[in-house]
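Reader: I'm new to this one and would like a close look at a single part of it. Could you walk me through the pockets, and then show me what surrounds them?

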Amino acid sequence: MAILNPKSHHSIVREIQTLLLSHKHIHLRWLKAHFSYLGNECADQLAKEAITKGDPVLLPKPLSYLKAEIKSAALSIWQDNWDNGETDRSTHDIVPRVSNKPVGWNREEIMFVTGHGPFPSYLLRTHDNCSCGEKGDPIHYATKCPFTLS
(Lines give C-alpha, C1' and ligand atoms only; values in the text may rest on other atoms or scores of the structure.)
Protein backbone atom coordinates (compact mmCIF):
# COMPACT_ATOMS: atom_id res chain seq x y z
CA MET A 1 0.00 0.00 0.00
CA ALA A 2 2.92 2.34 0.74
CA ILE A 3 4.24 1.94 -2.81
CA LEU A 4 0.84 2.98 -4.21
CA ASN A 5 0.85 6.17 -2.10
CA PRO A 6 2.29 9.01 -4.25
CA LYS A 7 2.65 11.22 -1.15
CA SER A 8 4.91 8.83 0.73
CA HIS A 9 8.07 10.46 2.05
CA HIS A 10 9.85 7.25 3.04
CA SER A 11 13.13 7.01 1.12
CA ILE A 12 12.86 3.27 0.38
CA VAL A 13 9.28 3.66 -0.87
CA ARG A 14 10.31 6.59 -3.10
CA GLU A 15 13.22 4.57 -4.49
CA ILE A 16 10.93 1.62 -5.27
CA GLN A 17 8.44 3.96 -6.96
CA THR A 18 11.20 5.46 -9.11
CA LEU A 19 12.48 2.03 -10.10
CA LEU A 20 9.00 0.83 -11.01
CA LEU A 21 8.44 3.91 -13.18
CA SER A 22 11.70 3.36 -15.05
CA HIS A 23 11.23 -0.41 -15.45
CA LYS A 24 7.83 -0.82 -17.05
CA HIS A 25 8.31 -4.58 -17.44
CA ILE A 26 8.12 -5.12 -13.66
CA HIS A 27 4.61 -5.64 -12.30
CA LEU A 28 3.58 -6.04 -8.67
CA ARG A 29 0.62 -8.17 -7.68
CA TRP A 30 -1.05 -8.92 -4.40
CA LEU A 31 -0.80 -12.52 -3.25
CA LYS A 32 -2.76 -14.08 -0.46
CA ALA A 33 -0.44 -14.47 2.52
CA HIS A 34 0.73 -17.91 3.63
CA PHE A 35 -0.72 -19.65 0.61
CA SER A 36 2.39 -21.69 -0.22
CA TYR A 37 3.84 -19.39 -2.87
CA LEU A 38 7.54 -20.21 -2.65
CA GLY A 39 8.78 -16.68 -3.40
CA ASN A 40 6.33 -15.18 -0.93
CA GLU A 41 7.37 -17.61 1.79
CA CYS A 42 11.04 -16.74 1.21
CA ALA A 43 10.27 -13.02 1.35
CA ASP A 44 8.38 -13.51 4.63
CA GLN A 45 11.27 -15.49 6.09
CA LEU A 46 13.85 -12.85 5.09
CA ALA A 47 11.68 -10.07 6.50
CA LYS A 48 11.34 -11.93 9.84
CA GLU A 49 15.10 -12.50 9.99
CA ALA A 50 15.80 -8.84 9.30
CA ILE A 51 13.48 -7.76 12.11
CA THR A 52 14.79 -10.26 14.68
CA LYS A 53 18.49 -9.85 13.91
CA GLY A 54 18.40 -6.09 14.00
CA ASP A 55 21.14 -6.01 11.37
CA PRO A 56 20.38 -4.34 8.05
CA VAL A 57 20.01 -6.65 5.09
CA LEU A 58 22.69 -5.71 2.60
CA LEU A 59 21.68 -6.47 -0.94
CA PRO A 60 24.37 -6.53 -3.61
CA LYS A 61 24.24 -3.75 -6.20
CA PRO A 62 23.34 -4.94 -9.68
CA LEU A 63 26.11 -4.99 -12.27
CA SER A 64 24.36 -2.29 -14.31
CA TYR A 65 24.49 0.05 -11.29
CA LEU A 66 28.21 -0.59 -10.78
CA LYS A 67 28.92 -0.02 -14.48
CA ALA A 68 27.01 3.27 -14.39
CA GLU A 69 28.93 4.40 -11.29
CA ILE A 70 32.30 3.54 -12.86
CA LYS A 71 31.34 5.30 -16.10
CA SER A 72 30.22 8.39 -14.19
CA ALA A 73 33.43 8.48 -12.13
CA ALA A 74 35.61 8.01 -15.23
CA LEU A 75 33.80 10.79 -17.11
CA SER A 76 34.18 13.08 -14.09
CA ILE A 77 37.95 12.45 -13.89
CA TRP A 78 38.28 12.89 -17.66
CA GLN A 79 36.33 16.17 -17.54
CA ASP A 80 38.49 17.46 -14.68
CA ASN A 81 41.67 16.60 -16.60
CA TRP A 82 40.24 18.23 -19.73
CA ASP A 83 39.26 21.42 -17.86
CA ASN A 84 42.59 21.75 -16.06
CA GLY A 85 44.98 20.54 -18.77
CA GLU A 86 47.58 22.68 -20.43
CA THR A 87 47.35 21.33 -23.97
CA ASP A 88 44.64 21.56 -26.63
CA ARG A 89 43.13 24.73 -25.19
CA SER A 90 41.80 25.81 -28.59
CA THR A 91 39.97 22.47 -28.86
CA HIS A 92 38.67 22.90 -25.29
CA ASP A 93 37.18 26.27 -26.29
CA ILE A 94 35.18 24.56 -29.06
CA VAL A 95 34.41 21.28 -27.25
CA PRO A 96 34.28 22.08 -23.51
CA ARG A 97 32.45 18.88 -22.40
CA VAL A 98 33.94 15.40 -22.70
CA SER A 99 31.80 12.56 -23.97
CA ASN A 100 32.25 8.96 -25.03
CA LYS A 101 29.72 9.41 -27.81
CA PRO A 102 31.10 9.95 -31.33
CA VAL A 103 30.73 13.46 -32.73
CA GLY A 104 30.46 12.47 -36.39
CA TRP A 105 32.87 15.10 -37.66
CA ASN A 106 34.63 14.75 -41.00
CA ARG A 107 38.40 14.91 -41.48
CA GLU A 108 38.49 18.63 -42.29
CA GLU A 109 36.41 19.55 -39.22
CA ILE A 110 38.71 17.53 -36.97
CA MET A 111 41.80 19.19 -38.45
CA PHE A 112 40.24 22.62 -37.95
CA VAL A 113 39.11 22.08 -34.36
CA THR A 114 42.34 20.43 -33.22
CA GLY A 115 44.64 22.64 -35.30
CA HIS A 116 46.27 19.49 -36.71
CA GLY A 117 46.53 20.14 -40.39
CA PRO A 118 48.45 22.11 -43.00
CA PHE A 119 48.81 25.11 -40.69
CA PRO A 120 52.22 26.72 -40.02
CA SER A 121 51.38 26.85 -36.30
CA TYR A 122 51.04 23.03 -36.26
CA LEU A 123 53.88 22.12 -38.61
CA LEU A 124 56.43 23.91 -36.38
CA ARG A 125 58.06 25.74 -39.24
CA THR A 126 60.69 28.35 -38.46
CA HIS A 127 57.88 30.89 -38.36
CA ASP A 128 54.21 30.27 -37.65
CA ASN A 129 52.93 33.16 -39.70
CA CYS A 130 50.56 33.07 -42.65
CA SER A 131 51.63 34.61 -45.96
CA CYS A 132 49.58 37.67 -45.03
CA GLY A 133 51.73 38.23 -41.92
CA GLU A 134 49.28 37.09 -39.22
CA LYS A 135 49.65 33.98 -37.02
CA GLY A 136 48.91 30.90 -39.18
CA ASP A 137 46.40 29.05 -37.02
CA PRO A 138 43.01 27.58 -38.09
CA ILE A 139 40.92 30.43 -36.64
CA HIS A 140 42.95 32.95 -38.62
CA TYR A 141 42.49 31.06 -41.90
CA ALA A 142 38.74 30.64 -41.31
CA THR A 143 37.90 34.13 -40.09
CA LYS A 144 40.55 36.76 -40.95
CA CYS A 145 43.02 35.82 -43.69
CA PRO A 146 42.37 37.72 -46.93
CA PHE A 147 43.82 34.76 -48.90
CA THR A 148 41.40 32.14 -47.50
CA LEU A 149 38.43 34.11 -46.21
CA SER A 150 36.25 33.29 -49.21
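Reader: Which helix gives the most to the lining of the second largest pocket, and with how many residues?

Author: Happy to take you through it, with one thing to keep in mind: this is a predicted model. The helix you're after is α1, residues 11–22, which gives 4 residues to the lining of the second largest pocket. That lining is made up of Ile12, Glu15, Ile16, Leu19, His23, Leu59, Pro60, Lys61, Pro62 and Tyr65. Sort them by class and you get 7 nonpolar, 1 polar and 2 charged residues. The volume of this second largest pocket is about 460 Å³.

There's a handy bit of background for looking at a helix like this. An α-helix has 3.6 residues a turn, so residues three or four places apart point the same way. Keep that in mind as you look at Ile12, Glu15, Ile16 and Leu19, which are among the lining residues.

Now for the largest pocket, with a volume of about 540 Å³. Here the lining includes Met1, Ala2, Ile3 and Leu4 from the start of the chain, along with His10, Ile12, Val13, Ile16 and Leu20. Leu28, Arg29 and Trp30 line the largest pocket too. By class, its lining divides into 10 nonpolar, 1 polar and 1 charged. If you compare the two lists, Ile12 and Ile16 turn up in both linings.

While you're at helix α1, stop at Gln17, which lies in it. Is Gln17 buried or exposed? It counts as buried, because its relative accessibility is 11% and the cut-off for buried is under 20%. Setting aside residues up to four places away in sequence, Gln17 touches Ala2, Ile3, Asn5 and Pro6. Ala2 and Ile3 you've met already, as part of the lining of the largest pocket. The side chain of Gln17 also makes a polar contact with the side chain of Arg14, at 3.0 Å.

Let's step back to the whole chain for a moment. The protein has 7 helices and 0 strands, so to speak of its fold is to speak of helices, as defined by DSSP runs. Of its 150 residues, 14% count as buried. Among contacts with a separation of 6 or more, 7% are between residues 24 or more positions apart. The accessible surface comes to about 12,800 Å², with 61% of that belonging to carbon and sulfur atoms.

Further along, there's another pair worth a look. Trp82 is in helix α3, residues 63–84, and His92 is in helix α4, residues 89–94. They're 10 residues apart in sequence and 7.4 Å apart in space, C-alpha to C-alpha. Both are buried: Trp82 has a relative accessible area of 17%, and His92 has a relative accessibility of 15%. Not counting residues up to four places away, Trp82 touches Asp88, Arg89, Thr91, His92, Val95, Pro96 and Val98. With its own neighbours within four places left aside, His92 is in contact with Trp82 and Asp83. The side chains of His92 and Asp83 also make a polar contact, at 3.0 Å.

Last stop: helix α5, residues 107–114. At its start, a side-chain oxygen of Asn106 reaches to within 2.8 Å of the backbone nitrogen of Glu109. After α5 comes Gly115, with a positive phi near 80°.

How values were computed. Residues are numbered from 1 along each chain as its sequence is written. This is a predicted model: local features need pLDDT of at least 70, side-chain atom pairs count only at pLDDT 80 or more; totals for chains, interfaces and linings use all residues. Side-chain values use heavy atoms; hydrogens and water are left out. On a 1 Å grid over the protein atoms alone, a cavity is a set of points where a 1.4 Å probe fits but cannot get out, and a pocket is an open set with protein on both sides within 12 Å along at least five of seven lines; lining residues have an atom within 4 Å of a point. Grid points are joined across faces, edges and corners, and a volume is the space filled by probe spheres set on the points. Ala, Val, Leu, Ile, Met, Phe, Trp, Tyr, Cys and Pro count as nonpolar, Asp, Glu, Lys and Arg as charged, and the others, Gly among them, as polar. Helices (H or I, at least four residues) and strands (E, at least two) are DSSP runs, numbered from the N terminus. Buried means under 20% relative accessible area, exposed over 50%, partly exposed in between (1.4 Å probe, protein chains only). Contact means heavy atoms within 4.5 Å. Accessible areas come from the Shrake-Rupley method with a 1.4 Å probe; for residues, only the protein chains shown count as cover. A polar contact is a pair of N or O atoms within 3.5 Å; within protein, one must be able to donate a hydrogen and the other to accept it, and residues adjacent in sequence count only if both atoms are side-chain atoms.
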